[in-house]
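Thanks for coming. I will put the structure up now and then go through a handful of places in it, one at a time.

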Amino acid sequence: MNNCSEIAIVGMGPTGATLANLLANRGVSVSIFEKQNQPYALPRAVHFDGEVMRVFQSIGLSSEITSSSLVNKGMLFKDLKSHTLIDWSRSQDIGPMAWYESYRFHQPDLETALLNGLKRFPNIQTYYDSEVQKVSDNGKNVTIELTSGEKHISQFVVGCDGAQSAVRELIGEKLMDLGFKQRWLVIDLVLKNDRPDLGDHTVQICDPDSPMTYVRGTGNRRRWEMRLKDHKLTKITPNDVWERLKKWISPADAKIERSAIYTFKSSLAKKWSAGNIFLAGDAAHLMPPFMGQGMCAGIRDVANLSWKLTAVLNGINKSILETYESERSPNVREFIDLTVRLGKVINQTSKTQQETTKMDSIWPSLGPGLGKRSNIEGQLAPQFLLSELKKSDDMSPNGFYSLKKQKGRFTSTNVKAWLRNNNIAEALIRPDGYILETISENENENGFNIKNINLSQALPARKFFG
Ligand SMILES: Cc1cc2nc3c(=O)[nH]c(=O)nc-3n(C[C@H](O)[C@H](O)[C@H](O)COP(=O)(O)OP(=O)(O)OC[C@H]3O[C@@H](n4cnc5c(N)ncnc54)[C@H](O)[C@@H]3O)c2cc1C
């Protein structure tokens, strides 16, 4: 084992694997430790959004990932009479992220693409069968110790080790319980025969006695999720599965890929870091899967943290790392709160027929942190199609760029229209796609804040390591 690296990552789930790609792509030397001997083979997440696809674009994996994904039609909340209570249909056109708004995918395919992505980098070491059991930070660097007794030293450690995070425990952090706790049965089927009648939308059946969800997966995959009333049930037989599904499907049309019982929870870490040790993904927050945002939140975490860590390794003051939690925690909290509110809809129904409500996706701003917060600064910037193949983030993959009304680099009419509509002459876009600073049309300003210019110049100035 290589016994030192700049950054050590604990856990090779989607959060850790994305972080490793982001850091390695910026030339950082990374070691990633996974306690299992191979990637987790069973599906959990089935949905990600256009913002997350933008992160995959930044690590050069969008074609691998889109090739096994499906554009999502959206979600309908129905009552027992099949009347639609909430219609959250998703646009089938390319949206403001310059990707589709929402995708369906098979988590093992995504994880394979991310892990294959790691093989591109000489500056990354992957270790399977390597369970981290101890983490100690002396203020200058962090030592992790594996159950095998081997030790590894790095400047920073990021715990991407999931809901039961050992790193979180080891640094003495706790998850705040945000009040949602329900047991649900998740059944994944693979169709043997075409069943177009099941539909392409995800359907939430809002039934106080037996709420459930039908999910259209990629290819022949279909999922049913059902709330369990029996709190003692720990195992389910194939006969039970078919009995519960008999209203929709039988063994003649599908085979069971797996069934599992989960306790869906809502919680948030009180602190996301201690010294040089950080938490990301499920290690820092949990939410029920009703919006399909748990993994997405983890990808957003590492999109935020990765460029700040790189900037610090490149000489920027360490205090920037304090903005990781302050920016990310309120953002993920909005997703958790909305998910829990939707969970309440799924668990209830009104006797009187309600009008159908149209729902839109949310794009919460960052919490307080770098720069000002306004209806533009701290918000996610749109991404623009500059030509058939080029998107605006490609102008500076992994770094900052500015959008401005000038002849030359950005000639897109969409960029000009966006600047005009927001009354700005120039916008500085961060590597995670959020807007750091703008220069307004009316004010006679000299340019961006010098601190922001220094920060933007610190990325991505490194060469591949090794
Ligand atoms: C039924 C279900 C449906 C879901 N649907 C969606 C969805 O549609 N969209 C969405 O965005 N999210 C969804 N989620 C949530 C999503 O699956 C999780 O948020 C996501 O998998 C978390 O990724 P992670 O990398 O943070 O953690 P994990 O995927 O849990 O990965 C953590 C990794 O760390 C390893 N590890 C743990 N401890 C150690 C240690 N001490 N040393 C070394 N390695 C260690 C583990 O083996 C594991 O590989 C769903 C979840 C469930 C249960």
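N398 sits in the loop between β20 (357-358) and β21 (401-404). This is a predicted model, so please hear everything that follows as computed from predicted coordinates. N398 has a positive phi of about 75 degrees, although it is not a glycine. Is N398 buried or exposed? Its relative accessible area is 6%, and the cut-off for buried is under 20%, so N398 counts as buried.

There is another asparagine to put beside it. N423 is in the loop between α9 (413-421) and β22 (424-429). N423 also is not a glycine and has a positive phi, here of about 60 degrees. The relative accessible area of N423 is 35%. Buried stops at 20% and exposed starts over 50%, so N423 is classed as partly exposed.

Next, the ligand. How many residues surround the ligand? The count is 33, and the closest are T15, E34, R44, D282 and M295. Sorted by class, that shell has 14 nonpolar, twelve polar and seven charged residues. Two helices to look at here are α1 and α7, each of which supplies at least two residues of the shell. Of the contributors, α7 gives the most, with three residues.

Now the polar backbone atoms around the ligand. A ligand nitrogen is 3.0 Å from a polar backbone atom of V132. A nitrogen atom of the ligand is also 3.1 Å from a polar backbone atom of G292. At G294, a backbone N or O atom lies 3.4 Å from an oxygen atom of the ligand. As for cover, the ligand taken alone exposes 1,000 Å², and the protein buries 91% of that.

On to helix α4, residues 107-118. A quick check on its length: how far apart should the ends of twelve helical residues be? At 1.5 Å a residue, α4 should span 16 Å; the end C-alpha atoms are 17 Å apart in the model, which agrees. Most of α4 is covered, with nine of its twelve residues buried. Those buried residues are Q107, P108, L110, E111, A113, L114, L115, G117 and L118. What do they pack against? The partners are α1 (14-25), α2 (50-58), α3 (62-67), β8 (124-127) and α7 (294-313). So α1 and α7 come up twice in this talk: they pack against the buried residues of α4, and they also supply residues to the ligand shell.

One of those partners, α2, holds R54. R54 is an arginine with a relative accessible area of 5%, so it counts as buried. Which residues does R54 touch, beyond those up to four places away in sequence? They are M97, W99, L380, A381, P382, Q383, D393, Y401 and G433. Take D393 from that list: R54 and D393 are 339 residues apart in sequence, and their C-alpha atoms are 8.2 Å apart in space.

I have three serines left.

S130 is in the loop between β8 and β9 (132-137). With a relative accessible area of 10%, S130 is buried. The side chain of S130 reaches the backbone oxygen of Y128 at 2.8 Å. Setting aside residues up to four places away in sequence, S130 touches F33, E34, K35 and L146. E34 you have heard before, as one of the closest residues to the ligand.

S154 is in strand β11, residues 151-159. S154 has 2% relative accessibility and therefore counts as buried. The side chain of S154 reaches the backbone oxygen of F156 at 3.0 Å. Leaving aside neighbours within four places in sequence, S154 is in contact with S5, E6, I7, A8, N141 and V142.

S267 is in strand β16, residues 254-269. Its relative accessible area is 5%, so S267 is buried. Again without neighbours within four places in sequence, S267 is in contact with L175, M176, D177, L178, A284, H285, L286 and I336. For a pair that is apart in space, take S267 and Q379: they are 112 residues apart along the chain, and 24 Å separates their C-alpha atoms.

That is the list. I can go back to any of these on the screen.

Notes
Residues numbered from 1 in each chain as written. Predicted model: local features only at pLDDT ≥ 70, side-chain atom pairs only at ≥ 80, totals over all residues. Heavy atoms only, no water. Helix = DSSP H or I, 4+ residues; strand = E, 2+ residues; numbered from the N terminus. Expected span 1.5 Å × (residues − 1). Buried < 20%, exposed > 50% of the residue type's maximum accessible area, 1.4 Å probe, protein only. Contact = heavy atoms within 4.5 Å. Near = heavy atom within 4 Å. Polar contact = N/O pair within 3.5 Å; in protein donor to acceptor, adjacent residues only side chain to side chain. Areas by Shrake-Rupley, 256 points an atom, 1.4 Å probe, with all protein chains shown as cover. Nonpolar A, V, L, I, M, F, W, Y, C, P; charged D, E, K, R; others polar.
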